[in-house]
Amino acid sequence: MTVFPEEPVLEAAVRRRLSPGRFAHTVGVVETAEELARRFGIDVRKARVAAWLHDVAKDEPRESLLKRAEEFGIVFDEITARQAELWHSVIGAEIARREFGIDDEEVLAAIRYHTTGRAGMSGLEQVIFLADIIEPGREFPGVEELRRRSREDLEGAVLAALESTICYVIRQGGLLHPDAVAARNHILLRRS
Ligand SMILES: [Fe+2]
Ligand SMILES: [Fe+2]
């Protein structure tokens, strides 16, 4: 059985690295991820560990994230390179591996893909992706509907969340990451 850091250790480390607002969001993600994991038969311990660490790099300044990417040998794809808000998930997964000793690939992938999703997401990846969007601190039009769907159908709620995010990015005139499109297509194909 994989050994994970003790939760109080994770909590303290994350509290040190994040602003109070981001820390509160993370606590919301941990609680929501646990709830979803229990409901849909996903490993609760893995869900809580991934949730604690999902935004571990989010409050690092741009320059420091770039430095880490270089140090870790991470080369961003073209779209990620142009969207600084995507960097923290890639770097965060690497911090989880190197600094927190997480070697569970499923947990690392849940952190790595929590902003974009990807084709063929595991149950754990879906739980973290969704918990990040519907935790109690989130308020945006449609969040209640996502919370409602997440009580019945994990994959259906992930699909709806992907669609809402994709539409939002398009309305903002932003670049769509191909992983988000692939995640949506994959679920649609699976369900058709
Ligand atoms: Fe994030
Ligand atoms: Fe988050």
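Me: What share of the contacts in the chain between residues at least 6 apart in sequence join residues at least 24 apart?

Reply: Such a share indicates how far along the sequence the partners of a contact lie. In this predicted model, 61% of the contacts between residues at least 6 apart join residues at least 24 apart.

Me: Which pattern does the chain follow along the sequence, and how many helices and strands does it have?

Reply: One reads the elements in sequence order. Here the pattern is α-α-α-α-α-α-α-α-α-α-α, with 11 helices and 0 strands. The radius of gyration is 16 Å, close to the 16 Å given by the globule rule for 192 residues, so the chain is as compact as a globular protein of that length. Along its principal axes, the C-alpha trace spans about 40 × 35 × 30 Å. Buried residues account for 38% of the 192 residues.

Me: At what angle do helix H1 and helix H3 pack, and how far apart are their axes?

Reply: A pair of helices is described by an angle and a distance between axes. Helix H1 (residues 7-17) and helix H3 (residues 44-53) pack at about 15 degrees, with axes 9 Å apart. Angles under 35 degrees count as roughly parallel, and H1 and H3 are therefore roughly parallel to each other. The crossing in which H1 passes H3 is left-handed.

Me: Which residues of H1 and H3 meet?

Reply: One lists the residues on each side, then sorts them by character. From H1 come Glu-7, Leu-10, Glu-11 and Val-14, which meet Arg-48, Val-49, Trp-52 and Leu-53 of H3. The residues of this contact comprise 5 nonpolar, no polar and 3 charged.

Notes: Residues numbered from 1 in each chain as written. Chains lettered and ligands numbered in written order. Predicted model: local features only at pLDDT ≥ 70, side-chain atom pairs only at ≥ 80, totals over all residues. Helix = DSSP H or I, 4+ residues; strand = E, 2+ residues; numbered from the N terminus. Rg over C-alpha atoms; globule rule 2.2 N^0.38 Å. Buried ≥ 20, exposed ≤ 12 C-beta atoms within 10 Å, placed from the backbone. Contact = placed C-beta atoms within 7 Å. Axes fitted to C-alpha atoms, helices over the stretch in contact; angles between N-to-C directions. Parallel < 35°, antiparallel > 145°, perpendicular 65-115°, else oblique. Left-handed = near helix turned anticlockwise from the far one by under 90°. Nonpolar A, V, L, I, M, F, W, Y, C, P; charged D, E, K, R; others polar.
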